[in-house]
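Please open the model in a viewer and keep the sequence panel visible. The tour below proceeds from one selection to the next.

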Amino acid sequence: MNKSAVTPLPDKSGKEPSPTVAAESIAQTIAAVRDLAWAGRHAQAIEVCARGLAAQQPTPTQRMELLDLRAESLIAEGRFADAADVAKAMLALADAKDSAALLLSALMRQAVTLMRLGQVKPALAVAEQGAAVAARSGRRAMVAKSLLCLAEAQLRAAVPADAVDTAGRAAAMFEALGDTVPLGRAHWVIAFAQTRLSSNQASRVAAEHAAALARRTGDEYGLANALNVLSFSCTDIAERMVLLQQAAQAFERCGYAYGGALVVGNLSLAFAELGLYRHACRLGEQVMVPFERMGARLNLALEFGAVLRWKIALGELPQVRARWPEYDAMVSSLDEPITRKDRELWGSALELAEGDTHAALKLLRAFLRRVRASDPGFELYVLIPLAKVLLLRGDVAGALRGTRRGVRLHGERGFARANFGQSQDIFWWHSRALAANGAEDEAWAALQ
């Protein structure tokens, strides 16, 4: 990189450069950082940002832009704590200058950093604050950006219906503005949120559109995310693994270590669905290391819970019991819904594996009551293990009532691509319940 793109040089007379020359040099620095980050060269981008901030006299807007670019590259490298420090500096700058545009940049960066750290409730609150600031400004570009940030925060905070609506509004605005890169990323959020709503066909359509837009603009980060989510709606595991491999390659090209780790975690789920639990555990334990180093506590807890679940299936119960307090404390400290649901399901599975069907039944019935009151879309995922426990306890009529309701819910809502089981599970246990109740012909039909 040309040195003059980073630090303004004296002219031939030895005088300091004029403000115009300095401003041009700062603009060149910002452009150079953008190019480096786009090419996945984040270590260099971070270095150039630091030199630009230290050696030049940027305007508040330019300083905010350099700080934001630095934070994004730190996030790409998995240095979330460092990015959080930069976000604090951005907020301090925005407070000092009393500018809506600067404040929005700072709030969006803080929200994204909190999401990566797994602090989803604070992230949502900050993103909502940013959306309010943008709305008051009346500037469409600011509003669109704030809505995209808010949509991802809603997704991470497990309110997917809101995320679909918010991302849809953002997408419409980006399309009107002709801003294709964030348009593709808005469709990625829609695709991800639709999988949480069990709307797999809608997810697939949105993910394919996001991938097409990313390829058109050369947005490797957008492509990686789109391919990763596209894998969620695959019923063919071989196709899913190909997509995950392509996503990993795209994350590598754009230099996002965090994204690469996410793909490994999703690969572990695919191997578990094949029944290859030991391989899934190896991948899970492997990816927990970078998640812990990065400070990605939500991802760490999700993978930790999955590994414990697979070890339960393998019968490694003493090891699971020994590690359970650490997992339990991690989930409690996060205080967010997805890992709490995991803990309820894996806790009942552990009780059942240890032979305590009474404890497992008590946990699942209490969980079902809470789910019906606050998250009815999750009921199916509780009915499946509940039917299993009821059958083991000899309550065949109760098991059949549960599986009939589960099959109906599956028909109404579908089955989300999540780490809570597989879509065929409800039909397997429905078939078992029908057979236990003497309905052999119906049991055979359910099995088909």
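The expected span of a helix is 1.5 Å times one less than its number of residues. This model is predicted, and the rule can be tried on one of its helices.

**Helix H16**

Select residues 317-334, which form helix H16. Its 18 residues should span 26 Å at 1.5 Å a residue, and the C-alpha atoms at its ends lie 25 Å apart, so the two values agree. Next, centre the view on Trp324, where H16 bends by about 40°. A proline, Pro325, follows within four residues of that point.

Which residues of H16 are buried? Colour Leu317, Val320, Arg323, Trp324, Tyr327, Met330, Val331 and Leu334 to display them. An α-helix has 3.6 residues a turn, so residues three or four places apart point the same way. Now add helix H14 (277-294), helix H15 (297-314) and helix H17 (337-353); these are included in what covers the buried residues of H16. Just after H16 comes Asp335, with a positive phi near 50°.

**The nonpolar core**

Select Phe291 and Trp310 together. The largest nonpolar core has 155 residues, and these two touch the most other members of it. Show the surroundings of Trp310: leaving aside residues up to four places away in sequence, Trp310 touches Ser268, Leu269, Ala272, Tyr277, Ala280, Cys281 and Glu303.

**Arg116 in helix H5**

Move to helix H5 (residues 100-116), in which Arg116 is placed. Is Arg116 buried or exposed? The limit for a buried residue is under 20% relative accessible area; Arg116 has 5% relative accessibility and therefore counts as buried. Beyond residues up to four places away in sequence, the contacts of Arg116 are Ile75, Phe80, Glu152, Arg156, Tyr221, Tyr258, Gly295 and Ala296.

**Two loops with positive phi**

Select Asp98 in the loop between helix H4 (80-97) and H5. Although Asp98 is not a glycine, its phi is positive, about 50°. Asp98 counts as exposed because its relative accessibility is 72%.

Then select Ser198, in the loop between helix H9 (180-196) and H10. Ser198, also a residue other than glycine, has a positive phi near 65°. With a relative accessible area of 12%, Ser198 is buried.

**Ala206 in helix H10**

Continue into helix H10 (residues 200-217), where Ala206 is found. Ala206 is buried, at 7% relative accessibility. It touches His187, Ile190 and Ala191, with residues up to four places away in sequence not counted. Draw a distance from the C-alpha of Ala206 to that of His279: the two residues are 73 apart in sequence and 31 Å apart in space.

**The whole chain**

Finally, clear the selection and show the full chain, which has 22 helices and zero strands. Its C-alpha trace spans about 100 × 45 × 40 Å along the principal axes. How does the radius of gyration compare with that of a compact globule? For 448 residues such a globule would have a value near 22 Å, and the chain has 25 Å, which agrees.

Colouring by burial shows that buried residues make up 53% of the 448. The accessible surface comes to about 19,900 Å², and carbon and sulfur atoms account for 53% of that area. Among contacts in the chain with a separation of 6 or more, 60% join residues 24 or more positions apart.

Note on methods. Residues are numbered from 1 along each chain as its sequence is written. This is a predicted model: local features need pLDDT of at least 70, side-chain atom pairs count only at pLDDT 80 or more; totals for chains, interfaces and linings use all residues. Side-chain values use heavy atoms; hydrogens and water are left out. A nonpolar core is a set of buried Ala, Val, Leu, Ile, Met, Phe, Trp, Tyr and Cys residues joined through side-chain atoms within 4.5 Å. Buried means under 20% relative accessible area, exposed over 50%, partly exposed in between (1.4 Å probe, protein chains only). Contact means heavy atoms within 4.5 Å. The bend at a residue is the angle between axes fitted to the seven residues ending there and the seven starting there. The radius of gyration is taken over C-alpha atoms; the globule rule is 2.2 Å times the number of residues to the power 0.38. Accessible areas come from the Shrake-Rupley method with a 1.4 Å probe; for residues, only the protein chains shown count as cover.
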